[in-house]
Amino acid sequence: PYVKDFLEEPMKASFPNTTFIDARLSTATSPLAAGHDAVCLFVNDNGKEEIIDTLADAGVKYIAMRCAGFDRIDLEACERRGVRIARVPAYSPYAVAEHAVALLQTLNRSTHVAHNRIKSGNFMLSGMVGMDLYGKTAGVIGTGKIGAILCNILNGFGMKLLCHDISENPEVVALGAEYVSKEELMARSDVISLHAPLLPSTYHMIDEKAIDAMKPGCILINVSRGGLIDTDALIGGLKSGKVGGACLDVYEHEGGIFFRDYSARSMKARMTSMDNTFALLDSYPNTLITPHSAFLTQEALDNIARTTIANLWEMTNGEDLTNEVKVRK
C-alpha cells in the first residue's frame with residue numbers, strides 16, 4: 001500500500017492511464033502489462049529472461065526501476081528485445097546511512113531488548129552491556145555518497161575511520177580517514193559497514209576467509225546488497241563468536257521473503273514457505289534484521305517519485321535517458 005500512497009497521485013497526474021497492479025511480477029502475472037508502454041519495478045522484482053520476453057511480447061518498451069539496484073533484471077534480454085531501462089541512482093543517501101547507524105546503536109546498546117523487557121515488566125540489565133563507539137575503529141567498504149555520509153556520522157561519534165574502495169573520496173580523506181586494503185580493514189575494525197554495489201567482483205566479498213580475518217567480536221553492517229555476504233559463512237562466524245553481531249537490512253535470498261506478509265497465513269503455509277537459512281540467522285540474539293527498509297523516509301519517497309516520473313517522460317518522449325541502465329560491454 002505504501003507504493004500507491006506516495007506514487008499514485010504524482011504518477012496519474014503525469015500519466016493518467018497508469019495502472020497499479022497488486023500482484024508481484026512473475027511469469028504468470030507479466031501478461032497483465034499488455035496495453036502499457038512501460039512497467040515500473042522495484043528492487044526485488046524478477047526480471048529474468050522469460051519475463052522480459054513476455055513483457056516485450058505484451059508491448060512493453062520501457063522498464064522504470066523505482067530504485068537504484070537492477071541486479072535482478074536480465075539486461076542482455078532487455079537489449080535483445082529492445083526494452084530500455086532507467087533507474088533512480090540516488091534518492092536519499094542520508095536515509096540509508098542513518099539507518100545503518102540506527103541498526104548499529106540498537107544492536108550495540110540492546111535498545112530493542114530493553115524496550116521489549118520494559119513492556120513485559122522486566123527491568124533487569126543483564127545481557128545488555130554494549131560498548132562505547134568513541135575511540136573505536138570503523139571500517140567502511142565503499143565510500144560513495146552513502147559511505148561518505150556514514151563516515152561523517154561515525155566521525156562525529158569520535159570513531160577512527162578505515163576505508164576501502166577502488167578510489168579514494170577526498171571528502172572522506174578530509175575527515176582523517178585512512179584507506180587500507182580489505183584485509184587490513186578486516187583485522188583492525190571494531191565495526192564494518194558495507195556500501196558497495198553487487199557485482200561479480202563483490203559477490204560474497206564477506207566470505208569465510210574474510211570473517212576469519214576479522215577482529216574478534218566485530219559488528220558487521222550491511223544496508224547495501226545481500227549478495228555481498230555469504231550467509232552460511234556469516235552464520236558460522238556468529239556461532240563461533242568471531243562476529244560479535246550482524247546488522248542487516250538485506251539478505252542474499254530476500255526475493256522470496258521481503259515485501260510480503262506471512263503473519264496472516266496458516267502455520268502450514270508459513271512453514272512450507274520458510275527459508276531455513278534466514279530463520280536460523282534471524283533466531284540469533286546478536287542479529288538485527290530489517291526488511292530492506294533503509295531507504296524508507298518521506299524525503300526518499302519524494303525523490304523516487306520525481307526521478308521515476310522524469311525517467312518515464314524521457315522514455316515516452318524519445319529523449320536520451322539520463323539514468324539509463326545498459327549492458328556492460
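Strand 5, which covers residues 160-164, runs parallel to strand 6 and is joined to it by two bridges, and within this pairing Cys 163 stands opposite Tyr 179 of strand 6. The model in which these strands are seen is a predicted one. Both strands belong to an open sheet of seven strands, whose order is 6-5-4-7-8-9-10 and whose pairing is parallel. Strand 6 (178-179) lies at one edge of this sheet and strand 10 (287-289) at the other edge, each of them pairing on one side only.

One helix that packs on this sheet is helix 4, made up of residues 93-109, which touches strand 7 (191-194), strand 8 (218-222), strand 9 (243-248) and the edge strand 10. The direction of helix 4 makes about 140° with that of strand 9.

Strand 9 deserves a separate look, beginning with its neighbour in the sheet. Five bridges join strand 8 to strand 9, the two running parallel, and Ile 221 has Cys 247 of strand 9 as its bridge partner. Strand 9 is also mostly covered, with five of its six residues buried.

From the strands we can turn to the spaces that the model leaves open or encloses. Rolling a probe the size of a water molecule over the atoms shows where empty space is left. When the whole structure is searched, one cavity of 30 Å³ or more is found, and the largest cavity holds about 40 Å³ of space. Its lining is formed by Asn 222, Gly 226, Ile 229, Thr 231, Leu 234, Leu 248, Val 250, Tyr 251 and Glu 252. By residue class, this lining of the largest cavity divides into five nonpolar residues, three polar ones and one charged residue.

The pockets, unlike the cavity, are open sets. The second largest pocket has a volume of about 1,500 Å³ and is lined by 47 residues, among which Arg 87, Ala 196, Pro 197, Leu 198 and Arg 225 lie nearest its centre. Two elements give two or more residues to the lining of this second largest pocket, namely helix 4, already met as a helix packing on the sheet, and helix 6 (145-156). The largest share of the lining, three residues, comes from helix 6. Taken by class, the residues that line the second largest pocket divide into 26 nonpolar, twelve polar and nine charged.

Definitions and conventions:
Residues are numbered from 1 along each chain as its sequence is written. This is a predicted model: local features need pLDDT of at least 70, side-chain atom pairs count only at pLDDT 80 or more; totals for chains, interfaces and linings use all residues. Side-chain values use heavy atoms; hydrogens and water are left out. Two strands pair if DSSP finds at least two bridges between them. Helices (H or I, at least four residues) and strands (E, at least two) are DSSP runs, numbered from the N terminus. Contact means heavy atoms within 4.5 Å. Axes are lines fitted to C-alpha atoms, for helices over the stretch in contact, and angles run from 0 to 180 degrees between N-to-C directions. On a 1 Å grid over the protein atoms alone, a cavity is a set of points where a 1.4 Å probe fits but cannot get out, and a pocket is an open set with protein on both sides within 12 Å along at least five of seven lines; lining residues have an atom within 4 Å of a point. Grid points are joined across faces, edges and corners, and a volume is the space filled by probe spheres set on the points. Ala, Val, Leu, Ile, Met, Phe, Trp, Tyr, Cys and Pro count as nonpolar, Asp, Glu, Lys and Arg as charged, and the others, Gly among them, as polar. Buried means under 20% relative accessible area, exposed over 50%, partly exposed in between (1.4 Å probe, protein chains only).
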